[in-house]
Amino acid sequence: MSVPLKILVPVKRVIDYAIKPRVNATHTAIETSNVKHSLNPFDELSLEAAIRLREASTPGPKKSPHPSPSVTDILALSAGPAKCTDVLRTAMAMGADRAIHVEIDPKTSSGQEKEGGAEGSSHELEPLGVAKLLAQVVKEEGRNFVILGKQSIDDDSGQTGQMLAGLLGWGQATQASEIVFEEGKEGG
């Protein structure tokens, strides 16, 4: 039918959505020390979409009337401090085939020290830096399909996907609620 999909799903570790954020003592950032973190809910939805694509392409009773290209690999990737491995374990438990952790020291990821001091709050990776990292992984790992969550619940910027598409020269779809491949259509 078409080229098998090798899917990349970036996942981010964020403060758990059920936790009420607290401002730190200096009133410069959200307190993240000793606070429960989890997989960003929108990234979880992206991973579920990748898994559904694989399930739709496997032999057996079809769950969808639309044909789906085969999915040969789902790769979850997270960039950040060592504690990000917990979201990668969650991604693997959900059905990702492999995981990559790009360890980034929260004290130096921005290139300079900033005030604030709360873990991860002042030294966040910016969307363009993340997009450049993802573009490199796409090329090195031979990925041909990337599914990102629409935004992360900690900064709500929602810019990384669009920047990644621009860096790769790929088309993009944003705010998608369903992925459907049709015979005879480009990419399907």
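This text leads through a sheet, a helix and a buried arginine in a predicted model.

The sheet is open and has four strands in the order β5-β4-β1-β6, paired in parallel. Strands β5, residues 98-103, and β6, residues 145-146, form its edges; each has a single partner strand, so one side of each lacks a neighbour in the sheet. The pairing of β5 with β4, which covers residues 71-80, is parallel and runs over six bridges. Within this part of the sheet, Gly 80 is placed opposite Glu 103 of β5.

Helix α3 comes next. With 15 residues at 1.5 Å a residue, α3 should span 21 Å, and its end C-alpha atoms are indeed 21 Å apart, so the two values agree. Several residues of α3 are buried, namely Pro 127, Ala 131, Leu 133, Leu 134, Ala 135, Val 137 and Val 138. Their cover includes the strands β1, β4, β5 and β6, together with helix α4, residues 160-168. Just after α3, Gly 142 adopts a positive phi of about 65°.

The loop between α3 and β6 also holds Arg 143. Because buried means under 20% relative accessible area, Arg 143, at 5% relative accessibility, counts as buried. A polar atom of the Arg 143 side chain lies 3.1 Å from the backbone oxygen of Ile 7. Leaving aside residues up to four places away in sequence, Arg 143 touches Lys 6, Ile 7, Leu 8, Asp 73, Ile 74, Leu 75, Arg 98, Val 137, Val 138 and Trp 170. Among these contacts of Arg 143 are Val 137 and Val 138, which are also among the buried residues of α3.

Technical notes. Residues are numbered from 1 along each chain as its sequence is written. This is a predicted model: local features need pLDDT of at least 70, side-chain atom pairs count only at pLDDT 80 or more; totals for chains, interfaces and linings use all residues. Side-chain values use heavy atoms; hydrogens and water are left out. Two strands pair if DSSP finds at least two bridges between them. Helices (H or I, at least four residues) and strands (E, at least two) are DSSP runs, numbered from the N terminus. Buried means under 20% relative accessible area, exposed over 50%, partly exposed in between (1.4 Å probe, protein chains only). A polar contact is a pair of N or O atoms within 3.5 Å; within protein, one must be able to donate a hydrogen and the other to accept it, and residues adjacent in sequence count only if both atoms are side-chain atoms. Contact means heavy atoms within 4.5 Å. The expected span of a helix is 1.5 Å times one less than its number of residues.
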